[in-house]
Amino acid sequence: MHLLCTLYGLKQAALQWWRELEAFMKTMGFHQASSNAGVFIYKHHDRRLVIALVYVDNGLFLGADKALVDFKKCACLKHWECHDTGDVTDFLGMKVNKSASRIMIDQKAYLKMVLERFDMHNAKIAPTPIPLGYVPQENKGAVDPVQHQSFSQSLGLYCT
């Protein structure tokens, strides 16, 4: 018996979806960036670029040539069951502000949420995270599991 399709919720579903996405992007002429698996780059023969950022079920198409970007994006929209939400104003918790000459991205809202979650919203601003003259000391005592978990969560390394 062979599995003909993956089902949402199975452990293998995400990997199977990712493999399908990689194969599709390759057929569209994109190649995967070596620095980040979720970044796909299309280089047109006349040096125009389209960059596609994909994270789980969120995608963003970027490029200087709007017609070429729209062409590649439309091909994805036809292939996948998804929809175009228009000009990007928010992507993965980042606010995106565009002007005629530049694009600005900030994570103020996300950072505020993290600070509030770890009860650090009243923390004092400092030019450096470590006090001037600080000399680290080796911890020879037992690690406090509650502090370790909280610290790891604040860095995004551990979730419960």
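This is a short talk about a four-stranded sheet, the helix lying across it, and two residues, H44 and K72.

Okay, a quick note before we start: the model is predicted, so local features need pLDDT of at least 70 and side-chain atom pairs count only at pLDDT 80 or more, while totals for chains, interfaces and linings use all residues. Residues are numbered from 1 along each chain as its sequence is written, and side-chain values use heavy atoms, with hydrogens and water left out.

Let's begin with the sheet. Its 4 strands (DSSP E runs of at least two residues, numbered from the N terminus) make an open, antiparallel sheet in the order β1-β2-β3-β4. Strands pair if DSSP finds at least two bridges between them. β1 (30–32) and β4 (58–62) are at the edges with a single partner strand each, so one side of each has no neighbour in the sheet. Between β3 and β4 there are 5 bridges, and L53 has L60 in β4 as its bridge partner.

Now, where is H44? You'll find H44 in the loop between β2 (39–43) and β3 (49–55). H44 counts as buried because its relative accessibility is 17%; buried means under 20% relative accessible area, exposed over 50%, partly exposed in between, with a 1.4 Å probe and protein chains only.

On to K72, which sits in helix α2, a helix being a DSSP H or I run of at least four residues. K72 is buried too, because its relative accessibility is 6%. Which residues does K72 touch? Leaving out residues up to four places away in sequence, K72 touches M28, F30, Y42, V50 and F61, where contact means heavy atoms within 4.5 Å.

Terms used
Axes fitted to C-alpha atoms, helices over the stretch in contact; angles between N-to-C directions.
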